[in-house]
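Me: I have just opened this one and would like to go through it with you piece by piece. Could you help me find my way around?

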Amino acid sequence: MAALLERDLDAAVSDPGPDPRPDPRPDGDAAPAALAVRRIALTRFRNYQSLRLAAEPRPVVLTGPNGAGKTNLLEALSFLAPGRGLRRARIGQVAQRAPGADDAAPVQDWAVAARLDTPTGPVEVGTGREVVPGEDGAPDGERRIVRIDGKPAKSQAALGRAIALGWLTPEMDRLFLDASSGRRRFLDRLVYGFVPDHLSRLSAYERALRERARLLREGGADRSWLVALEQQMAEAGVAIAAARRDLVARLNQAASAGIGPFPRPEAAIAGALEGWLDAAPALQVEDRFRAALEASRPRDADAGGAAEGPHRSDLHVVHAARGVPAAESSTGEQKALLIALVLSTARLQALDRGAAPLLLLDEVVAHLDERRREALFDEVCALGSQAWLTGTDRALFAALEGRAQFMDVAAGRIAPAAAR
C-alpha cells in the first residue's frame, strides 16, 4: 500500500493532465482560491481504476449522466479530510472490485493523492487502505493510512491541519427530520475545520464509552478501571461539548450577516454538558460529568451506554425570520437552511485559516430556484472557494459560465467540457 500511495502522490505532483490556466481571473472576477486541489490521482477507487486529473483554482463543475462517477470523485476528495467520507463508507467498501467478483473476494487496496495549493504553499496529501498483517503474516484487518508531504502521519487529524473541507449531498436533505446522530455528525464535521483534534477526541470518547458499557454489562469490573474510563470520558466529552458549543455561537454570528435569498438559520446545541458549560468552567463540568457517570452505573449497566454525554446531544436549527424549527419548514426551506449553515461555516474558515474551505456540493442546485442558484454561485466565488459541484444538466450552471472550470464525466472518465 505504501508503494501504491507513493506512486499516486508522485502522479498528483508530476502528471500534467489537462493544462489548467495557472491564474484564472475571468472578466475581473475574484482571485483564485487560496486553498485548491491542483492535481488529484485515484487508483482502484469505486469506478475509477486509474484517474489523473488537473484542476484550476476556481470552482469546478462536473456534469454527466447518473452513474458516471461524479459523486465517486467527490467522495474521493472527501477522504482528504478526517473521517469516513461523504458516504460514511468503511475503507474496504470504496475499493474497486473486479467485474463479477462476489462479496467474499479479497478487497483491493486503493489510494487517493492530491497536490494542494494552500495559503502557506503547496502540500501533498495522500490516503488509502492498507491491510494489517497478523502474527502469521496473513491479513488480519485493515486500516486507513495518511501521508503528508510524503511522510506518514500519526492520525487523520493531520488531514484537518492541511485542508478544510465541507460537503452537501442529497442524503443530507432529511438532516432535520432524521435521528439526532446525523445532526451530531454534521456538526462534528464542521468542527473539524476549526479543531483538527476533534476527531481524535470523539474516537477516544467512543472507545471509553464502549469499554465502560462492556464492563458494566459483564459485572465484577475492577473499580479503578471504571474510574479511569470515566475520567477519559469526562475529559474528552467536555472538550467535545465545548468545541461544538463554541462553533454554534460563532455560526450564529456569521449567519446574522445574511446570504442573499437564503433564510438565516439560528442554531443551538442541546445537551447536558453544553448546558452545564453555560454555568460553570470546563474543569468543574468535568468533575460533575465524572460524578454523574459514577452515579449512573447501575442504570447504565441495565440500559447500556451512558445516560448523559455528548453522544446524546442534538443540534437544533430554527428559521430565524419565521421562528419555525427547521424540521417543520418546507423541504425547500430545509435545504436552503442547510446551505446557509455550510456557507456561514465557510465564511468563518476563510477568516480563521486565511482561505475558504473546499466545498463538495453534490446535486445541490437541482432543487434550487434560479435566484438561489445564482446566489449560491456568487457566494462561492466571493469566498474564493474551489467548490466542486455536480449535476446532470449543465444548463443549471449557466451563471457560472466563465467563472468555473467545466468537466464532462462519463463511465469513469473525465475530460474538459467544450466551451459554451
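Me: Let me start with one residue: what does H311 touch, not counting residues up to four places away in sequence?

Reply: Please keep in mind that this is a predicted model. With residues up to four places away in sequence left out, H311 touches R184, Y205, L209 and A306.

Me: And where is H311 placed?

Reply: H311 sits in the loop between helix 9 (297-303) and strand 10.

Me: Which of those neighbours does its side chain make polar contacts with?

Reply: The side chain of H311 makes a polar contact with the side chain of Y205 at 2.8 Å, and the side chain of H311 also reaches the backbone oxygen of A306, at 3.0 Å.

Me: R184 came up too, and I see that it belongs to helix 4. Is helix 4 largely enclosed or largely open?

Reply: Helix 4 is largely enclosed by the rest of the structure, because 10 of its 13 residues are buried. R184 is one of these buried residues, which also include G182, R183, F186 and Y192.

Me: What covers them?

Reply: The cover over the buried residues of helix 4 includes strand 8 (165-168), helix 5 (198-218) and helix 6 (223-255), and it also includes strand 9 (265-270), strand 10 (314-319) and helix 10 (331-353).

Me: How does the span of helix 4 agree with what its residues should give?

Reply: At 1.5 Å a residue, the 13 residues of helix 4 (residues 180-192) should span 18 Å, and the end C-alpha atoms are 19 Å apart, which agrees.

Me: Back to F186 for a moment: which residues does it touch?

Reply: Leaving out residues up to four places away in sequence, F186 touches M172, L175, L315, L338, L341 and V342. F186 is also among the residues that touch the most other members of the largest nonpolar core, a set of 95 residues, together with I40, L42, L73, L376, W388 and L400.

Me: Which element gives the most to that core?

Reply: Helix 10 does, with 10 residues. Apart from this core lies another one, of 23 residues, among them L199, L216, I240 and L293.

Me: New topic, strand 1. Which strands does it pair with, and in what sense?

Reply: Strand 1 pairs with strand 4 (residues 111-117) in the antiparallel sense over seven bridges, and six bridges join strand 1 to strand 2 (residues 48-54), again running antiparallel. In the pairing with strand 4, the bridge partner of A36 is D117, while R39 stands opposite A54 in strand 2.

Me: What about the hairpin of strand 1 and strand 2?

Reply: That hairpin has two residues between the strands, and R46 takes a positive phi near 50°. Another hairpin is formed by strand 14 and strand 15, also with two residues between them, where A411 in the turn has a positive phi of about 50°. A410 of that hairpin stands opposite R413 in strand 15.

Me: Last one, the aromatic pairs: how many are there, and how do the rings of F45 and W110 pair?

Reply: The count comes to four aromatic pairs. The ring centres of F45 and W110 are 5.4 Å apart and their planes stand at 80°, so this pair is edge-to-face. F45 lies in strand 1 and W110 in the loop between helix 2 (70-78) and strand 4, so the pair ties together parts that are 65 residues apart in sequence. Both F45 and W110 are buried, and they form one aromatic cluster with F79.

Key: Residues numbered from 1 in each chain as written. Predicted model: local features only at pLDDT ≥ 70, side-chain atom pairs only at ≥ 80, totals over all residues. Heavy atoms only, no water. Helix = DSSP H or I, 4+ residues; strand = E, 2+ residues; numbered from the N terminus. Expected span 1.5 Å × (residues − 1). Buried < 20%, exposed > 50% of the residue type's maximum accessible area, 1.4 Å probe, protein only. Contact = heavy atoms within 4.5 Å. Pairing = 2+ DSSP bridges. Polar contact = N/O pair within 3.5 Å; in protein donor to acceptor, adjacent residues only side chain to side chain. Core = buried A, V, L, I, M, F, W, Y, C linked by side-chain atoms within 4.5 Å. Phe/Tyr/Trp six-rings, centres within 6.5 Å; stacked < 30°, edge-to-face > 60°.
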